[in-house]
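Colleague: I should like to learn how to read a model of this kind. May we take the features in turn?

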Amino acid sequence: MQLGVIGLGRMGQTVVDRTLAAGHDIVAFDLDAEAIATAADAGAEPADSIDDLVDRLGADKRIWLMVPAGEAVDVTLEELEPHLDGDDVVVDGGNSYFEDSVRRAESCPAAYLDCGTSGGPAGAELGFSLMVGGPEWAYDELTPVFDAVATGPDGHERMGSAGSGHYVKMVHNGVEYALMQAYGEGFELLHEGRYDLDLESVASVWNNGAVIRSWLLELCEEAFREEGTDLGDVADRVEGGSTGTWTVQEALEQEVPLPLIYTSLAERFGSRADDGRFSRRLANRLRYGFGRHEVPRRE
């Protein structure tokens with residue numbers, strides 16, 4: 001299959017690398033010339049504009065967008081629109097708001113697949129988890145690419161109609177917030193409690209057979225190994241995008257109680273106003289572990 005990829009940041013480059021490794025052809029474009037060069041070095045055919053990318057694709061165009069959610073997606077679609085028809089497929093692999101994805105699916109001339117993507121930089125080696133919404137025929141058409149980009153055939157699934165993929169990813173991120181908060185609070189009690197504990201050792205033991213073992217707990221172990229049991233100079237400041245807020249807003253609209261996710265979101269907001277919670281410092285470091293996000297440090 002031939003795939004056009006627009007947006008060659010960390011996640012976009014992973015899409016390029018894994019798709020190429022599976023034997024497919026890539027035409028790649030980004031606003032950053034160095035990113036295009038990196039993709040070309042990996043074996044992709046470079047394009048110097050969106051128009052050029054489209055010209056290099058075949059009659060039935062398959063295009064993957066990995067650009068920042070929001071205006072960048074709409075601007076890219078506007079540039080693509082004159083070149084698209086109903087036989088083409090566009091995948092939005094970013095963290096778009098699900099209602100935006102519904103709107104785009106209705107207005108896009110091509111079949112539009114909203115693809116929630118999870119896995120962070122580790123996906124470069126292991127593959128992503130892909131939650132896809134949109135027409136079934138378009139999902140089936142892109143299955144060879146999804147097999148390549150995901151952890152394999154079990155790493156992706158069509159969730160339902162337009163918007164469902166990004167909806168599921170939104171709730172996934174809300175759950176992620178709550179899990180990080182739970183681990184943070186548990187380790188905070190261990191850190192401040194009765195015993196002088198090596199928290200790296202605790203995390204290691206928990207990760208070997210315990211009910212609460214997980215990749216996030218492996219990242220806790222990594223954090224304590226690299227920063228120390230007291231987390232060194234890691235600041236009590238947890239950044240984040242909009243997905244947690246969207247999850248809570250949707251819960252309010254649907255009248256579904258989500259006290260753990262809401263509290264974890266509130267803790268993130270609180271972390272930006274003071275500097276005192278061990279649990280939030282661990283959450284700060286965990287974001288580096290799974291997403292290689294910058295770690296705010298204490299002065």
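Colleague: What does the accessible surface of the protein come to, and what percentage of it belongs to carbon and sulfur atoms?

Modeller: This is a predicted model, in which local features need pLDDT of at least 70 and side-chain atom pairs count only at pLDDT 80 or more, while totals for chains, interfaces and linings use all residues. Residues are numbered from 1 along each chain as its sequence is written, and side-chain values use heavy atoms, leaving out hydrogens and water. The accessible surface (Shrake-Rupley method, 1.4 Å probe) is about 13900 Å², and carbon and sulfur atoms hold 50% of it.

Colleague: What share of the residues is buried?

Modeller: Buried residues (under 20% relative accessible area, 1.4 Å probe, protein chains only) account for 49% of the 299 residues.

Colleague: How are the strands of the sheet ordered?

Modeller: Strands of a sheet pair through backbone hydrogen bonds, either parallel or antiparallel. Here a strand is a DSSP run of E of at least two residues, and a helix one of H or I of at least four, numbered from the N terminus; two strands pair if DSSP finds at least two bridges between them. The open sheet has 8 strands in the order β3-β2-β1-β4-β5-β6-β7-β8, with mixed pairing. Its edge strands, β3 (45-46) and β8 (156-160), each pair on one side only.

Colleague: How many bridges join β4 to β5?

Modeller: Strands β4 (residues 62-65) and β5 (residues 89-92) run parallel and are joined by 4 bridges. Within this pair, I63 stands opposite V90 in β5.

Notes
Buried means under 20% relative accessible area, exposed over 50%, partly exposed in between (1.4 Å probe, protein chains only).
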